[in-house]
Structure formats: C-alpha cells, structure tokens
Amino acid sequence: MLTFTELGLSPNLLKGIEDLEFKKPTPIQEKIIPIIFSSENDIIGLAQTGTGKTAAYGLPIIQNIDFEDNSVQALILSPTRELCMQIAGDMVKYSKHIKGFEVVAVYGGASIENQIRALKKGAHVIVATPGRMLDLIKRRAAKIDKIRTVVLDEADEMLNMGFREDLDSILETTPKAKRTFLFSATMPEEVARISKNYMQNATTVTIGTQNSGAENVKHIYYQVHARNRYLVLKRIADYNPDIYGIVFCRTRMETKEVADKLIKDGYNADALHGDLSQSQRDHVMKRFRERTLQMLVATDVAARGIDVSDISHVINYNLPDDLDVYTHRSGRTGRADKSGISISIVNYREKSKIPSIEKAIKKKMERQPVPNGNEICQRQLFKMIDKMEKVEVDELQIAPFMDVVNKKLEWLSKEDVIKHFVSLEFNRFLEYYKNAPDLNEKDSDKYDDGGGRGRSDRGDRRSRSDRGGRSERNDRGERGERGERSGRENRSDSYNRSDRGERTDRGDRQDRGERTERRRPEKGGYVRFFINVGKKDKLLPKNIIGLVNDYAKDRDINIGEIDMKDSFSFFEVGEKHAEKVLSSFKDGNYKGRKIVVEQAEAVGSSKKKKVRTKRGK
Ligand code: ADP
Ligand code: MG
C-alpha cells in the first residue's frame, strides 16, 4: 500500500489532496499514477464507476503541465455535460495550491460563444464532450495540435451514445506523439477498436469488482405483477423512510410518469432525463445532492457517472436487458465502505434474467416479500418515536409553557399521552395501510398484467390497489408539503412541440446530440427517429418515406411505423440502416429549412413486435 507521497506527487498537489481528505490512494490510483510518471506507455484502465479514476489521471496530468507553455496540453473527453463539469471541478480542487493552472470545460447545450471566450483566455487542460469538442475544433476555437495527453473517460458510454465518428475525427487531429489513456467500465468491441486504432504499447490495468461499492451492495428483488410496480415502489419508500435513492426507469416517458405520480403522492421525488433543459437538470441534481430530494427517478444515461455519495438504495423499476446496465446501476450505492441496497421490482416474465445477473455480479439476488402494511407501519412508527426520543429539548424556552400544557393533560396517564401523540401523527398512515393487499406475485400466477383476464380476484385487487394509489397521500399533509412541486408542470409534457422547435432553430447538431439520450437499439428491431417536419408542411407518410429514401440514397431501407404530428413526426427505420439514415440527414433541408432528425426514445418491445407483424403480412 503506497501513500500519495510515495506515488511521487508534488507537495502542492499533496496539499490539495489533503484538503479533499483523501487519506490513501484507491487501487486504480495506486496502479496508474506510477505508470504515468515512469513510462511513456498508453494506458487502458478498466474499472467501474466510483473507483477514483479522475484523480488517477487528473493528478499526474496537472503535475506534468509545463507552465512555460501556454498551449493546451491535455484533452479529456467524457460523455456528458454533467461529467465534464464534475471532472473539471475535481481538477480545480486538486490544483488548489498550484498557481496559474487553467482547466476549461466545454459541452453541448450551453453557449458556445462563452466557451470560445473561455478558451481564448488560455487553458492547459480541456474537458469536453466529443460533439462540442469537434465543433470547437472545426471553428478553430480549440487548438489541440500540441496536446501531450488525451483521456477517453467512460469510453464505452461515449460509444454507446453515438460519439464514435466524433471520437474518430478528434483523435485523428491530435498529434502522433502523445499519450492516450482510455478508461472504460466494460470492453465491448467498439472500445477495443478504438484502442487498437489509436493506442500503442498500452498497459492494461484492470480493477476487478474490487470497487468497494460492489462488495457492500446487497441485491434483493420483489416479485410482483407489472401493474403493481408503482404501488411496490411506494411501499419501498414507505418502508425506508430515510431512503436516499435513485429509481431507474427504462424510458424518459416512464421516468416522467413515475416521478409525476410520486410527486402527486407527496414524496420528495423528481425526474432526471434527456428531455429536460440543462438548467432544469442542474436544478434537479442540485436538490438531489443537497438531499432536498430523496428519490431521483432517472434514465440510465441521465444518471450515468453522476457522483453522489451515500446513496442508500438503487431501485430498478424494471430489470434492464443489459447486464452491464444492472452493474452500473447497483454501483451507484455502497460506495466508500457504506452499505447499500439494490432493489429490483421484477415480474414473472423478467425473472428469467436473474440467473445471468447473478453471474455478472457474482452474488445472489435474494427474493424478499414485499413489505406488508403492518411492517411498514411499524417502521414508520419506529422512526417517529426515534425522532421524538432524540429531539433536542430546550428546557429554558419551553418552561414557561409547560404549566399550561401539564394542566391540560392532567386527565391523561403517561401511557395515554403517548397513545394520543402517536395517533395524532399516525392515524392516516394506519388508515392507508389497513387491509393493504398482498402484492407478491406467486409463481403460479402466470398471467401477467395487461393481458391478464378472467381471474376472479383480479377486479377486487385492482380496485383496492387503485384506491390506495390515489387517495393515500393526498391526505397526509406533511408529505405533501415536503414534495416540492413548483415548476413541474412545464416539464411533464414529452416532446413538447415548441420545445422541440426551439432546439431545432438553434440547430446545433452536436448540442442536441449530447443532450438527447441515444439508446442502444435492440437487435433486429427498429430505431425510432424524430424529424422536424409534419402535417403542417403538407406532408403525408409516403413523403416521409420518400425523404428517407432520397437522403439515404437507398431504396431498400426498411421503414416501420410513421407517426405524423402537426409540425414534427416520428418514423422508424430498421436497425441495420439507422446510422446511415441519421447521418444522411446531417445537412438536409426541406424547402429551405434545415431538417433535423434525431433518435427518439426506443419503442417498447410489445410495440416493436406489432410493427413487425404488421409489416410481415
Ligand atoms: P470514477 O471516475 O472512477 O467513477 P471518481 O473519480 O468520480 O470515480 O471518484 C469517486 C469518488 O471518490 C469521488 O467522490 C472522489 O472524490 C472520491 N475519491 C477519489 N479518490 C479518493 C481517495 N483516494 N480517497 C477518498 N476518496 C476518493
Ligand atoms: Mg469518472
């Protein structure tokens, strides 16, 4: 075990580290820092999030800066705006005691002019999202011909988000004589390709699942009917009154729905997804960091890489198809020697994914019964009593009032006082969970929601849960107050037309690319695209087909469902041709107006099937 001093860091950096209260290097820091200092090799670092990668490359980069030289000396590429800001912020902290060090973060979705201005003032290090970086290079606002180091942070995620071509273009403009450090949680083919094409003599450093996170995470699942997911989520929240967690959903749509319901029901929750503006996202994240929000409902991409410590629960609202996604999600909790719980809400159909997840995490996922009403009441009651026990009593201040209070309560015994006090807070809670149904799905209940029919107890169950779903929280004043609701209304509308229009007019492709989540399309399916022309432009679905064929210069493109709206539309393209179609529209225009095409939320699997059968006829 080496110390930071033994790793050869300069006294001023050590001071910065001390200010941050980093006691000893993390395993990846211990391995990578000496390689950077003692060799000229490129590095491939394979490690999960939360292992301390930023300091592993960031500290040596700062130490190696030549302060005589005012050109950009290192470029750090990372997938999202949030991560760029986080990395740049970390570099500022490390370099607190180093005079003159300048780092500038540039990313899409923010004014490019301001970023150009910041770059003009000079930067030793640029932290950038690939799209915006390429844009700045093209505008000659960022010069990277003298860089000595390039870092690809979260390379797998950058590629997932469709930055492949941008990365290629950027890397091609960097000087030959430089070092490349690539960090990735996984090593899919695409990442291997990048490392093969752009790296030489790379040393690979793998930090297994030693990520302290994974060790301390307990994995449990509740098996329930899909239609009860939301009720189960509420039970999870009620059973864990101190919950500080992230609820992962598959789509932006679902994220919004779940968050809206939670807010309506009085929980401290909000949504984080790609349809929010940057300032809305920043606001949500700020409240989550400050713990004003207890539950962040998020898509995987939106929550990726965000470094929030002390997350108590990760909740999988449904199980992801991709094992890596599950690992990433559960890695958000259980950090820094704290314990965490990853809870999955699973229906009968999803259950088959569990064995492969268990294999990937090398741990068992334990099935637990959904907490019942009684258990929840007990927990809540305990929390309340505990709070009462621990409340600070200011003898002096309350003394003058105690006479009256005591007199008024004279007729009650001590036991009665407690009972009254408990009931005062608790009656509504008891009322809600009285007769609460058993939400556990039996393995014998093979019917699922949605299609399920004819079960004699079904109508009954549903009405009961519905009643719970709606009325329960509205009458619990204290929760309602806590849930902040201001400003939500403007946000809830998906694909809000004017919103899309605005972005379109701004027209900066890279901007949008970074803000919009791109999901990995599923094998053999369709990819759904948004296009900024619609019925108002006097177009019919066949014209959309025509546009796609014309732009892609290919008549064999498999076009799926077309959904025309007034001023914009959606169309689906067979996965095979999706990339081609997307890039062919790059400089497209329709009657003099710039055409904007971007990937929309992927359609759910059931819908996808429908499309296929329709076309199969
Ligand atoms: P990664 O990039 O691997 O996901 P980060 O670099 O964001 O991880 O670090 C994760 C968290 O760990 C951050 O909050 C960071 O401040 C903290 N951290 C990093 N190195 C150390 C260290 N040596 N000791 C204590 N905390 C650390
Ligand atoms: Mg990182």
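## Sheet S8 to S14

Two strands count as paired if DSSP finds at least two bridges between them. On that basis, in this predicted model, an open sheet is built from seven strands with parallel pairing, in the order S10-S11-S9-S12-S13-S8-S14. Its edges are strand S10, residues 269-272, and strand S14, residues 366-367, each of which pairs on one side only.

The edge strand S14 is joined to strand S8 (residues 217-223) by two bridges in the parallel sense. One residue of S14, Glu-366, is the bridge partner of Ile-220. In general, strands of a sheet pair through backbone hydrogen bonds, either parallel or antiparallel.

## Sheet S1 to S7

Another open sheet of seven strands, with parallel pairing, follows the order S3-S4-S2-S5-S6-S1-S7. Strand S3 (103-106) and strand S7 (202-206) form the edges, and each of them pairs on one side only. From one strand to the next, the twist averages 15 degrees.

At the S3 edge, the neighbour is strand S4 (residues 125-128); S3 and S4 run parallel and are joined by four bridges. Within this pairing, Val-106 stands opposite Ala-128 in S4.

## Aromatic pairs

How many aromatic pairs does a search of the whole structure find? The search gives eight. A pair of aromatic rings is described by the distance of the centres and the angle of the planes.

For Tyr-57 and Phe-183, the ring centres are 5.3 Å apart and the planes stand at 35 degrees, so the pair is tilted. Planes under 30 degrees apart would count as stacked, and those over 60 as edge-to-face. Tyr-57 belongs to helix H3 (residues 53-63) and Phe-183 to strand S6 (residues 179-184); the pair therefore ties together parts that are 126 residues apart in sequence.

## Surroundings of ligand 1

There are 14 residues around ligand 1, and those that come nearest are Lys-24, Gln-29, Gly-50, Thr-54 and Asp-307. By class, the shell around ligand 1 divides into three nonpolar, eight polar and three charged residues.

Which residues place polar side-chain atoms by ligand 1? Gln-29 has a polar side-chain atom 2.8 Å from a nitrogen atom of ligand 1, and Thr-54 has one 2.7 Å from an oxygen atom of ligand 1. The backbone takes part as well: a polar backbone atom of Gly-52 is 3.1 Å from an oxygen atom of ligand 1. Taken alone, ligand 1 exposes 560 Å², and the protein buries 76% of that area.

How values were computed: Residues are numbered from 1 along each chain as its sequence is written. Chains are lettered from A and ligands numbered from 1 in the order in which they are written. This is a predicted model: local features need pLDDT of at least 70, side-chain atom pairs count only at pLDDT 80 or more; totals for chains, interfaces and linings use all residues. Side-chain values use heavy atoms; hydrogens and water are left out. A residue is near a molecule or strand if one of its heavy atoms lies within 4 Å of it. A polar contact is a pair of N or O atoms within 3.5 Å; within protein, one must be able to donate a hydrogen and the other to accept it, and residues adjacent in sequence count only if both atoms are side-chain atoms. Accessible areas come from the Shrake-Rupley method with a 1.4 Å probe; for residues, only the protein chains shown count as cover. Ala, Val, Leu, Ile, Met, Phe, Trp, Tyr, Cys and Pro count as nonpolar, Asp, Glu, Lys and Arg as charged, and the others, Gly among them, as polar. Axes are lines fitted to C-alpha atoms, for helices over the stretch in contact, and angles run from 0 to 180 degrees between N-to-C directions. Rings of Phe, Tyr and Trp (its six-membered ring) pair if their centres lie within 6.5 Å; planes under 30 degrees apart count as stacked, over 60 as edge-to-face and the rest as tilted.
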